[in-house]
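Visitor: I would like to learn how to read this structure feature by feature. Where shall we begin?

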Amino acid sequence: MTDIRARNRDFAILFLVMLITGAGNTALQSVLPAIGRTLEVPDSVIATIFSISALLWVFSAPYWAKRSDRQGRRNMVLLGSAGFTVSTLLVGVLLYAGIAGWVTPIVAVLGVVVSRMIFGTFGSAAPPAAQAIIVLQTPIEERTKALSLLSSAFGLGTLLGLGLAPWLVLPVVGLAGPPFAFALIGAITLFLIARYLSEDRPETGRKGANFSYPSIGGAPAGANIAAAEAEPVGDNLAMRDPRIWPWMLSGLVMGHAQAMTGSAMGFLVIDRLSLSVTEFATQQSIGLVLMAGAGAALLVQWGIIPLLNLKPRTMLLVGIGISAAGLFANAFASDLYSIATTYALASAGFGFTRPAFTAGSSFAVSRRLQGLVAGRVTSVNGASFILGPTIGVGLYSLWGPLPYLVAAIVMLAMIPYVLTKIRPSDLEGSSSLH
């Protein structure tokens with residue numbers, strides 16, 4: 001019973017870490033279009049704020065994943081949460097300084113870019129560590145459900161962040177209110193991690209050692225110890241490793257489609273509804289659309305995936321089809337209701353694809369490599385935001401429907417690749433490497 005309680009407590013804390021990270025980022029994403037136009041900064045410059053931090057995220061996530069094998073995954077969760085909290089606080093300070101006229105708009109934006117670089121560098125330590133902890137604590141037959149639930153933390157965080165963002169535009173700090181609020185929440189989360197998250201301990205003293213955690217209901221993920229011991233030990237898992245590359249490429253394409261369309265959505269709502277960036281109703285409308293998308297993804301990850309017990313390959317194919325249909329419709333939606341419903345349909349599809357590529361890549365390797373594959377998954381998630389927002393906003397500036405049409409077409413083009421490169425037998429958990 002103690003192990004069950006410890007496992008549930010750890011999952012709750014890690015879920016909270018992912019939720020707060022998602023909420024803080026999407027709350028900032030919600031207000032940045034209005035901030036950019038208030039400061040008279042080009043839309044493309046606003047898009048680069050996320051792109052630069054994402055670039056650092058891609059390179060730093062595998063580094064922290066390797067360190068977690070030697071220094072402990074709990075420590076990496078602490079480091080990542082601290083990076084988020086410090087970065088978010090600095091963003092709030094600099095945005096307020098720019099809006100209040102204490103510094104010029106360009107200084108404010110450059111300061112925000114530097115602050116987000118802190119998040120990109122250190123915040124990336126938490127997700128791969130959290131994923132590895134969950135995988136190592138969870139029986140293999142429950143892994144897809146557990147990873148889907150952990151992935152849903154971002155969806156719930158998006159819902160929470162977007163729902164709260166308009167109400168956190170406070171009288172004193174204005175549009176800088178959301179980052180200030182989430183910096184405070186991040187500090188509370190740091191305390192919970194330090195106080196309650198289980199310590200991890202190495203099973204061996206070797207470089208690249210595994211760490212053990214409480215487990216219930218049978219052996220943890222990767223229970224075939226003989227196969228795991230036979231697998232070469234190392235500190236690297238190449239992105240192009242044939243076991244994980246089809247999943248990585250699929251995740252990269254789906255992530256770019258989601259980043260392109262989501263980053264342009266605030267501008268689309270403002271322009272198609274002819275809204276003023278200074279009105280409260282503008283933030284409400286943007287938040288409503290993005291909340292509809294987050295709610296749809298959450299419904300998929302909390303309800304449909306556990307109910308149907310879908311395999312990762314099936315989830316990926318279903319998600320591609322649903323998202324493409326939603327994006328095609330979203331491209332020409334002209335009122336708030338149609339924009340919200342079509343974006344919700346597209347997001348429901350993305351609700352399938354993200355846990356699909358996460359679980360599929362986890363099934364592809366042994367227990368010993370779970371930390372490294374989690375680092376690769378985190379890198380792919382970050383890579384989607386290096387060029388995705390810039391491409392999306394750039395295409396939108398050429399023609400409003402363009403980012404949505406391009407994303408849908410590219411996704412549909414992935415279907416033959418998934419059908420030929422990912423075999424159903426890879427996903428049953430029966431391979432000797434599992």
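Guide: Begin with a charge over a ring. This is a predicted model. In it, the charged end of R240 sits over the ring of W245, 4.3 Å from the ring centre.

Visitor: What cut-off does that call rest on?

Guide: The CZ atom of an Arg must be within 6 Å of the ring centre and within 35 degrees of the ring normal. R240 meets W245 at 4.3 Å from the centre.

Visitor: How far can I trust the model? What is the average pLDDT?

Guide: The protein averages 83, and 88% of the residues score at least 70.

Visitor: Where does pLDDT stay under 50?

Guide: One such stretch is residues 203–209, for which the model has 16 contacts beyond four places in sequence. Residues 426–434 are also below 50, and this stretch has 28 contacts beyond near neighbours in sequence. Read those contacts together with the scores.

Visitor: Now the overall fold. How many helices and strands does the protein have?

Guide: Its secondary structure comes to 15 helices and two strands. Of its 434 residues, 59% count as buried. The protein exposes about 16,300 Å², and carbon and sulfur atoms supply 68% of that area.

Visitor: What do the contacts say about sequence distance?

Guide: Take contacts between residues at least 6 apart in sequence. Of these, 85% join residues at least 24 apart. One case of spatial closeness across the sequence is S44 with P389: they are 345 residues apart along the chain, yet their C-alpha atoms are separated by 8.7 Å.

Visitor: Where is S44, and is it buried or exposed?

Guide: S44 is in helix 2, residues 43–71. Its relative accessible area is 42%, so it falls in the partly exposed class.

Visitor: Next, aromatic pairs. How many are there in the whole structure?

Guide: A search finds eight. One of them joins W57 and F119, with 5.2 Å centre to centre and 40° between the planes, a tilted pair. This pair links distant parts of the chain: W57 is in helix 2 and F119 in helix 4 (residues 105–122), 62 residues apart. W57 and F119 are both buried.

Visitor: Why is the pair of Y96 and W102 called edge-to-face?

Guide: The angle decides. Planes over 60 degrees apart count as edge-to-face. The planes of Y96 and W102 stand at 90°, so the pair qualifies, with ring centres 5.0 Å apart. Y96 is partly exposed, at 21% relative accessible area. W102 counts as exposed, at 61%.

Visitor: Which residues do ring pairs link into a cluster?

Guide: F11, F15 and W302.

Visitor: On to the interior. How do I read a nonpolar core?

Guide: Look for its size, its best-connected members and the elements that supply it. The largest nonpolar core has 58 residues, and M265, L316 and L327 touch the most other members. Helices that each supply at least two residues include helix 9 (245–272), helix 10 (280–308), helix 11 (312–330) and helix 12 (336–363). Helix 13 (370–398), helix 14 (402–413) and helix 15 (415–421) also do so. Helix 9 gives the most, with 12 residues.

Visitor: What does L316 touch?

Guide: Leaving out residues up to four places away in sequence, L316 touches W247, S250, M254, T353, A356, V418 and I422. Apart from the largest core lies another core, of 35 residues, among them M18, A126, A146 and A359.

Visitor: Let me try a single residue. Is S347 buried or exposed?

Guide: S347 counts as buried because its relative accessibility is 6%, and the cut-off for buried is under 20%. S347 lies in helix 12. It touches G293 and A297, not counting residues up to four places away in sequence.

Visitor: Last, the backbone. Which residues should I check for positive phi?

Guide: Look at residues other than glycine. E40 is one, with phi near 60°. E40 lies in the loop between helix 1 (2–38) and helix 2. At 71% relative accessibility, E40 counts as exposed.

Visitor: What about N309?

Guide: N309 has a positive phi of about 55°, although it is not a glycine. It is found in the loop between helix 10 and helix 11. N309 is partly exposed, with a relative accessible area of 42%.

Definitions and conventions: Residues numbered from 1 in each chain as written. Predicted model: local features only at pLDDT ≥ 70, side-chain atom pairs only at ≥ 80, totals over all residues. Heavy atoms only, no water. Helix = DSSP H or I, 4+ residues; strand = E, 2+ residues; numbered from the N terminus. Buried < 20%, exposed > 50% of the residue type's maximum accessible area, 1.4 Å probe, protein only. Phe/Tyr/Trp six-rings, centres within 6.5 Å; stacked < 30°, edge-to-face > 60°. Core = buried A, V, L, I, M, F, W, Y, C linked by side-chain atoms within 4.5 Å. Contact = heavy atoms within 4.5 Å. pLDDT = per-residue confidence, 0-100. Areas by Shrake-Rupley, 256 points an atom, 1.4 Å probe, with all protein chains shown as cover.
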